[in-house]
Amino acid sequence: MAPPRSGDHGTSAIRELVSSSLKKTNKMMKKATNSKSIAEAASAGHGEEGKKWTTLVHNGVLFPPLYKRHGVKILYKGKPINLTPEQEEVATMPIYQWHQRVVEQRKQMSRKEKKALKEEREEIEEKFKWAIIDGVKEQVNNFKVEPPGLFRGRGEHPKMGRLKKRIRPSDMTINIGKSAPVPECPIIYGGERWKEIRHDNTVAWLACWKDPINQKEKYVKLAPSSSLKGRTDKEKYEKARKLKDYIPGIRAAYTKDFSSKDPLKKQIAVATYLIDKLALRAGNEKDEDEAETVGCCTLKVEHVVPLPPNTLKFDFLGKDSIRYQNQVEVEPLVFKAIQQFRSDKNQGNNADLFDLLDTNKLNAHLKELMPGLSAKVFRTYNASLTLDEMLNKKISKGTGDDVPEKEVAIICNHQRAVSKSHDAKMSKLDEKIEELKDVLNELETDLSRAKKGKQPESSSTINKKRKRNLSPEAIEKKMAQTNAKIEKMERDKLTKEDLKTVALGTSKINYLDPRITVAWCKRNQVPIEKIFTKSLLAKFAWAMDVDPSYRF
DNA sequence: CTCGTTACTTAGCATTTCTTGT
DNA sequence: ACAAGAAATGCTAAGTAACGAG
């Protein structure tokens, strides 16, 4: 029997790293692995309800270096002002040129210096990088404490520009196994204590603190490659697959409720329809001091415009203030319902479209239809099912004409800003295509001359070198190659333009059941490394042994 | 039921690293 | 050997959703 789950996750490289650094923590390991049998017993059966681990050992978190004074004074009414270190630190944050200079200095450093600095950094980080959970050494995701700075936020955030203050050990709660040594507070904070020490094995976090900007709890957790994360990720996809079995019934139920006399039922039905059909997010209520964004339940009248006979025009800012614009034909009853919801509201455009509804009620209703169902499951279901269908309908593999993930990214509205260099890249491609076309023209002249047994002309502006006297066949072959190059570049150009605002990575990380991809690779003899990066391979280690016939 | 709290996933963009063409 | 460009990773903000107290 394999040691606890270490065999089915992590690359050999990771394992090598692990074993080399294990020596240092050998003592702790011993203690942790001694309870292995308990851990196995827990995970073999169902374990205790809500229990995430039995033993947990880690070294806490790594704080950023304290601020180092530079002593440059700022002028106020022409006079230099004395600043306290704290004031100077904040004053330095908005000074763009100063930061540019720091960046420039770093660039100037030689390769060697950079490497040395990096190694030094890695040595410090090594200690915090790992946790031992139920006897297995796993990577910690975010062991570096977020440094202080000026808060930007996304979109029109009311708190933009606020100072995000430094996090200290006294802000930090540590969660760790009862028998594990409590990590020491860093000495630079001279005798400061952790805020609290907990031994809560019903949660997956190693440390937490309150974000000073939004007063929300933030957590230090294990990396996506960990078996704990892998397990929950797999469960997410299994739940989405279960929805597949329930979906006919769910659709029948909400279709029936489109004409319900109970107004709440009717709103739930229409909202569920939109979440199912358009993969909208649930839409929790938001505070005044957050950017004004919406999801399904928080849509306003102005966000959904009915265009007769049965089209809805959506236009609103969703998560991260990303604009959702879409125009879709809907069921006539849904169209009518939306018209009615809109006209019911006499407060105008800013009124809630689903005024009787919130995510609590919606999810409570979904739970009645399928155990564990909530709004977000529909996004996973929709994305994964779409990919599965795309990959299995196209028999003509490897044409490379279309990116199957694009469809999914568009459904989920995963967008990205057009890169600064996009236009430059496109014109460069154009240039190269023009060059190749010139080459082609010249080859054509050469060909007709060669056919008549003449030497090629050597007056080319492109190629000053004297040409070889090639046979017509050889020239034709060259022409075909050049043509193929041009066509490839034209295709590249099209896809590049097509995908310039589409973020393909988000769905790959969060919505697409990796087993679909792995199985497809197995069926088509495509190495999985071509599709998943190193970190995705680690994250999806649990999916690698899937049967080639797997369907979502 | 509502509200604040808690714990977790999902997200785009900045930064770093790798690859490629010269 | 190197710079430019592409790809990968890192960072942390911004969501979802469950839960418990009143």
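This report describes a predicted model of a protein chain with two DNA strands, beginning with the chain and then turning to each strand and to the aromatic rings.

## The protein chain

Chain A contains 17 helices and 14 strands, and of its 552 residues 39% count as buried. Among the contacts in chain A with a separation of 6 or more, 66% are made by residues that stand 24 or more positions apart. The accessible surface of the chain comes to about 33500 Å², and carbon and sulfur atoms account for 52% of that surface.

## Around DNA strand B

DNA strand B has 26 residues around it, and those that come nearest are Lys-52, Lys-229, Lys-236, Lys-319 and Tyr-511. The residues of this surface divide into 12 charged, 7 polar and 7 nonpolar. On the side of the DNA, 81% of the atoms of strand B within 4 Å of the protein belong to sugar or phosphate, while the rest belong to bases.

Several elements of the chain contribute to this surface: strand 11 (217-221), helix 7 (227-257), helix 11 (375-393) and helix 15 (505-510) each supply at least two residues. The largest share, 3 residues, comes from helix 7.

Which parts of Tyr-219, Lys-376 and Ala-417 approach the phosphate oxygens of DNA strand B? For Tyr-219 an N or O atom in the side chain is 3.1 Å from a phosphate oxygen of this strand, and for Lys-376 a polar side-chain atom lies 3.3 Å from a phosphate oxygen. For Ala-417, by contrast, the atom is a backbone N or O, which lies 2.9 Å from a phosphate oxygen of DNA strand B.

## Around DNA strand C

DNA strand C is surrounded by 31 residues, of which Lys-218, Lys-286, Lys-376, Lys-425 and Ser-535 are the closest. This surface divides into 17 charged, 10 polar and 4 nonpolar residues. Of the atoms of strand C within 4 Å of the protein, 82% belong to sugar or phosphate, and bases make up the rest.

At least two residues of the surface near DNA strand C are supplied by each of helix 10 (359-369), helix 11, helix 13 (422-451) and helix 17 (534-539). Polar atoms of the protein also approach the phosphates of this strand: a polar backbone atom of Arg-154 is 2.6 Å from a phosphate oxygen, and the side chain of Thr-293 has an N or O atom 2.8 Å from a phosphate oxygen. In the side chain of His-157, an N or O atom is 3.4 Å from a phosphate oxygen of DNA strand C.

## Aromatic pairs

A pair of aromatic rings is described by the distance of the centres and the angle of the planes. The structure holds 12 aromatic pairs. One of them joins Phe-63 and Trp-194, whose ring centres are 6.2 Å apart and whose planes meet at 25°, so the pair is stacked. Because Phe-63 lies in the loop between strand 1 (56-58) and strand 2 (74-76), and Trp-194 in the loop between strand 8 (173-175) and strand 9 (196-198), the pair ties together parts that are 131 residues apart in sequence. Both Phe-63 and Trp-194 are buried.

Phe-258 and Tyr-273 form an edge-to-face pair, with 5.4 Å from centre to centre and 85° between the planes. This pair links distant parts of the chain, 15 residues apart, with Phe-258 in the loop between helix 7 and helix 8 (263-278) and Tyr-273 in helix 8. Phe-258 and Tyr-273 are both buried. Elsewhere, Tyr-237, Phe-532, Phe-540 and Trp-542 form one aromatic cluster.

How values were computed:
Residues are numbered from 1 along each chain as its sequence is written. Chains are lettered from A and ligands numbered from 1 in the order in which they are written. This is a predicted model: local features need pLDDT of at least 70, side-chain atom pairs count only at pLDDT 80 or more; totals for chains, interfaces and linings use all residues. Side-chain values use heavy atoms; hydrogens and water are left out. Helices (H or I, at least four residues) and strands (E, at least two) are DSSP runs, numbered from the N terminus. Buried means under 20% relative accessible area, exposed over 50%, partly exposed in between (1.4 Å probe, protein chains only). Contact means heavy atoms within 4.5 Å. Accessible areas come from the Shrake-Rupley method with a 1.4 Å probe; for residues, only the protein chains shown count as cover. A residue is near a molecule or strand if one of its heavy atoms lies within 4 Å of it. A polar contact is a pair of N or O atoms within 3.5 Å; within protein, one must be able to donate a hydrogen and the other to accept it, and residues adjacent in sequence count only if both atoms are side-chain atoms. Ala, Val, Leu, Ile, Met, Phe, Trp, Tyr, Cys and Pro count as nonpolar, Asp, Glu, Lys and Arg as charged, and the others, Gly among them, as polar. Rings of Phe, Tyr and Trp (its six-membered ring) pair if their centres lie within 6.5 Å; planes under 30 degrees apart count as stacked, over 60 as edge-to-face and the rest as tilted.
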